[in-house]
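Biologist: I'm new to this one and would like a close look at a single part of it. Could you walk me through the sheet, taking your time over one strand?

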Amino acid sequence: MHAHVAELLLPYLNQGSSVLDVGSGSGYMLSIFHHLTDSEADRRGHVVGVEHIQELVDFSLENLRKDGLASELQSERITVCANDGRDGYPPKAPYNAIHVGAAAPTLPDALVDQLAHPGRLIVPVENPSTGTQDLVQVDKDREGNITKTILFGVMYVPLTDAHSQQKM
């Protein structure tokens with residue numbers, strides 16, 4: 001799924017792009033997004049990982065350092081923070097690409113709002129009529145018009161808050 005999501009977001013992962021990864025877990029996707037958007041000539045882009053469990057933030061940071069990205073963390077070209085991913089991360093918005101690694105009960109408006117013009121959001125969303133989940137692609141064009149496309153069925157963990165996840 002990580003490779004497929006990266007491929008879906010690839011048209012928006014240009015040098016200098018801004019990327020948000022909600023539920024960044026181990027930091028694996030942060031590293032991928034960084035390497036796909038990095039440019040020595042253009043230092044404007046950034047990658048942000050949001051995780052609501054501090055231990056996972058720490059795990060991401062450790063893995064990114066092991067991947068040789070300590071200087072990118074220090075320069076804040078890669079940021080990993082503890083935050084409720086359902087709210088995205090407004091301080092670094094807008095984002096050209098947003099990936100959500102857990103199923104939202106509904107399409108998160110805050111994430112759609114944080115998409116750049118143009119931008120793409122890939123998010124699993126619960127389908128209440130079928131009891132399943134759909135991988136949804138949300139595209140925002142240059143004028144801010146939004147197109148939603150259901151790609152296919154998926155099975156992800158639920159997008160929750162820290163308290164709910166720690167009870168699981």
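What is the order of the strands in the open sheet, and which kind of pairing does the sheet have?

Modeller: Happy to, and keep in mind that this is a predicted model. The sheet is an open one with 7 strands, in the order β3-β2-β1-β4-β5-β6-β7, and its pairing is mixed. At the edges stand β3 and β7; each has a single partner strand, so one side of each has no neighbour in the sheet. From one strand to the next, the twist averages 15 degrees.

Let's start at the β3 end. Strand β2 (residues 46-51) pairs with β3 in the parallel sense, over 5 bridges, and Val 48 sits opposite Thr 79 of β3. Helices lie across this part: α2 crosses β1 (18-22), β2, β3 and β4 (95-100), running at about 170 degrees to β2, while α3 lies across β2 and β3, at about 160 degrees to β3.

There's a nonpolar core to look at here too. The largest one has 23 residues, and Leu 9, Phe 33, Leu 64 and Val 80 touch the most other members. Two or more residues each come from α1 (2-9), α2 (28-37), α3 (54-66) and β3 (78-82). Apart from that core lies another of 21 residues, including Cys 81 and Tyr 95. As for Val 80, its contacts further off in the sequence include Leu 30, Val 57, Leu 61 and Leu 64.

Now for the strand I'd linger on, β6. It is mostly covered, with 8 of its 9 residues buried. On one side, β6 pairs with strand β5 (residues 115-127) in the antiparallel sense over 9 bridges, and Gln 137 of β6 is the bridge partner of Ile 122. These two strands make a hairpin with 4 residues between them, where Gly 131 in the turn has a positive phi of about 75 degrees.

β6 also pairs with strand β7 (residues 146-154), again antiparallel, over 8 bridges. Here Leu 135 has Phe 152 in β7 as its bridge partner. The β6 and β7 hairpin has 5 residues between the strands, and Gly 144 takes a positive phi near 95 degrees.

Finally, zoom in on Asp 139, which is found in β6 (residues 132-140). Its relative accessibility is 15%, so Asp 139 counts as buried. The side chains of Asp 139 and Gln 137 are joined by a polar contact of 2.8 Å. Further along the sequence in either direction, Asp 139 touches residues including Tyr 12, Arg 120, Asn 145 and Thr 147.

Terms used. Residues are numbered from 1 along each chain as its sequence is written. This is a predicted model: local features need pLDDT of at least 70, side-chain atom pairs count only at pLDDT 80 or more; totals for chains, interfaces and linings use all residues. Side-chain values use heavy atoms; hydrogens and water are left out. Buried means under 20% relative accessible area, exposed over 50%, partly exposed in between (1.4 Å probe, protein chains only). A polar contact is a pair of N or O atoms within 3.5 Å; within protein, one must be able to donate a hydrogen and the other to accept it, and residues adjacent in sequence count only if both atoms are side-chain atoms. Contact means heavy atoms within 4.5 Å. A nonpolar core is a set of buried Ala, Val, Leu, Ile, Met, Phe, Trp, Tyr and Cys residues joined through side-chain atoms within 4.5 Å. Two strands pair if DSSP finds at least two bridges between them. Axes are lines fitted to C-alpha atoms, for helices over the stretch in contact, and angles run from 0 to 180 degrees between N-to-C directions. Lists of a residue's contacts leave out its neighbours within four places in sequence.
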